[in-house]
Structure formats: structure tokens, C-alpha cells
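Hello,

Here is the structure I promised to pass on. Please have a look, then read my notes below.

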Amino acid sequence: MCQPFTAVDDLLSSRKFGAGNSMSAFIACLVVTAVLLLTKYGVIRTKNKGVLKPDQFQDFILQKKIAISHNVAIYRFQLPAPDSILGLPIGQHISIGADIKQPDGSTKEIVRSYTPITGDDQPGHFDILLKTYPQGNISQYMASLPIGQSIRVRGPKGAFNYTPNMVRSFGMIAGGTGITPMLQILNAIARGRATGDKTEAHLVFANVAADDILLKKELEQLAQDPKIHVHYVLNQPPKDWKGGVGFITETMIKVSVFISTSDLIQSYKVAH
Ligand SMILES: Cc1cc2nc3c(=O)[nH]c(=O)nc-3n(C[C@H](O)[C@H](O)[C@H](O)COP(=O)(O)OP(=O)(O)OC[C@H]3O[C@@H](n4cnc5c(N)ncnc54)[C@H](O)[C@@H]3O)c2cc1C
């Protein structure tokens, strides 16, 4: 069997490379040793396997809570090891489950869906952007979860799986925390630019007031990309607001989502 060489002396030693050994065995050993060393020192990265199990809830510890507004926070959960990843396909989501006491005194298992805003490119943890509803089951449970306590997670879930250049252009319409799957896909597009992802994206993002716009800094950073466009719509806009006003309309979608000439011609043809 090939024993990895541990030192140059070993490598040169006639005991390891005796006259009886063939040159091909020596080369094979050399390659194995080189791969092991390169992997050990991080030059070659082995593919990380995701920790999620679709049919089994697993516990993940709450590491950090970052308040975003009066009712929205980012919850950071620890993965088992610093190099662990969730293994969540881009565009899919997870289930969070908990046994929650109901108004009638009974305890019921409640399960809700959430789309992490971090991806497998950020090992060691995953982040959930979550809005707390006054009488929401899981959102209230999460809001009162102390740091160091765990939640139960199962997944991945969902049919959509983003792959680079799967479409020429995406039209996205989101409101409030509905931004989470869009952010996941936009981040993947931006990351893929270096390796040839040419996907365009037009996002219409609706919120009540300017302060409610979630992850604005991240979205503005993404919109620096010439092919990623974000159009904000507010129901209660401030005085000097330059974005859309009211609820999302058909015209807003036509103007902001089907922005290219060929898309406009296409949508005109469909409408007439
Ligand atoms: C694919 C997918 C991805 C999602 N991703 C995210 C995400 O990333 N972030 C996020 O924040 N959300 C996300 N959601 C929404 C999330 O799954 C939940 O619907 C949301 O958190 C509310 O769940 P809850 O258990 O807290 O509220 P629920 O218990 O479902 O309650 C919903 C509403 O009913 C009201 N209500 C509940 N019980 C009562 C009662 N007894 N009397 C009166 N009113 C009541 C609550 O106040 C609340 O307004 C996603 C949903 C889907 C389908």
C-alpha cells in the first residue's frame, strides 16, 4: 500500500523506494503525498458536505441576534464545525419547527419556512432574517429564544434551484421579508460574475416606509452591478422620495421588470 511520505529523507530513502518497486508506484505515492499535503495546508479544498437532512430535524444553536428594526432581526445559528455548510441549493428554504403552547393550553408542533440570507460560501453559520408578528407562533418563539439555545431545522425544501445563466434575465417582485429568496439569488449572480454568470435581474421591492426597507445596504451594493437593478416602492414615502409610490402596479412591473427593448416588445405583443 502507498504510505504518504512525511519527510524529504523518507522520500529519498532507498528503504521506501527500493530497487524492486516500479517507477509508476513511486509516482503514484508521490501524487498521493502531494494531494494530502496540499489538502492539509488548504491549497486544495475538499468539497464540503451539507449538514441538512430533508426528513430529520436537527438542533442548531443561536449564536447571535442582530436587531434590524423594531420587529425584524437577523438570527445567526452555529453550524457543527467552522467549515460546515448547510448544503442549501440557491433559491430553496428550510423548515423551523418547535413545540409551542397554544391559547387553549395544548402544545402543538408548529413548522414554518425560512430562506437563509447566507449561502454555502459562508461556512460555520447561517443567518435568518425574521419578522416577528404579535401573535405569530414561530416568530414569537424565535424572538424570545435566548443566545445559546437551539432551534430545530429540517431541509432543504423547494423546487427551484438557481444555476448560472439558467435564464437571460430575472424579474423579481418582493415585499418585506419576502426579500430573502431574492437576496440569495442576487448574491449568487454577483458571486458568479467572475466565472461567467451574465444573468440580469430586475427587482421591485415594496415596503411601507423608508425605514422598513430591509437589507438596503446589501441591495445597494448589489445594484452597483450594471445588470442588477432594484426599484423601491413605498406606501408611505418621505417628501423627496424618487422611487415608486403606493402598491405595486402593472405599469411599475412593465417599466421596472421588463426593462429591455426586446422585453417591452414581447410584453406589448402579449398584451395586444
Ligand atoms: C418559502 C418561504 C420562505 C419564507 N422565508 C421567510 C424569511 O426568510 N423570513 C421571514 O420572516 N419569513 C419568511 N417566511 C414566512 C414564515 O414562514 C412565517 O409565515 C412567518 O414567520 C409567520 O410565522 P409565525 O408562526 O410566526 O406566525 P403564524 O402563527 O403563522 O401567524 C401568522 C399571522 O397570524 C397572526 N395570528 C397567529 N395566531 C393568531 C391568533 N390566535 N389570533 C390572531 N392572530 C393570530 C399572527 O400575528 C401573524 O400575523 C417564509 C415563508 C415561505 C413560504
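The notes cover the sheet, one helix and the ligand.

Keep in mind that this is a predicted model.

Start with the sheet. Six strands form an open sheet, in the order E4-E3-E6-E1-E2-E5. The pairing is antiparallel. E4 and E5 are the edge strands, and each pairs on one side only. From one strand to the next, the twist averages 40 degrees. Strands of a sheet pair through backbone hydrogen bonds.

For a pair to look at, try strand E1 (residues 58–67) and strand E2 (residues 72–78). Five bridges join E1 and E2 in the antiparallel sense. One detail there: leucine 62 has phenylalanine 77 in E2 as its bridge partner.

Next, helix H4, residues 179–192. H4 has 14 residues, and at 1.5 Å a residue these should span 20 Å. The end C-alpha atoms of H4 are 20 Å apart, so the two values agree. The buried residues of H4 include Ile179, Met182, Leu186 and Ile189. What covers the buried residues of H4? The cover includes strands E5, E7 (169–175), E8 (200–209) and E9 (228–236), along with helix H5 (216–222).

Last, the ligand. It is surrounded by 20 residues. The closest are Tyr133, Gly136, Asn137, Ser139 and Thr180. Thr180 is also among the buried residues of H4. Strand E4 (107–114), strand E5 (125–131) and helix H3 (137–143) each supply at least two residues of the shell. By class, that shell has nine nonpolar, nine polar and two charged residues.

Best wishes

Technical notes. Residues numbered from 1 in each chain as written. Predicted model: local features only at pLDDT ≥ 70, side-chain atom pairs only at ≥ 80, totals over all residues. Near = placed C-beta within 6 Å. Helix = DSSP H or I, 4+ residues; strand = E, 2+ residues; numbered from the N terminus. Nonpolar A, V, L, I, M, F, W, Y, C, P; charged D, E, K, R; others polar. Expected span 1.5 Å × (residues − 1). Buried ≥ 20, exposed ≤ 12 C-beta atoms within 10 Å, placed from the backbone. Contact = placed C-beta atoms within 7 Å. Pairing = 2+ DSSP bridges. Axes fitted to C-alpha atoms, helices over the stretch in contact; angles between N-to-C directions.
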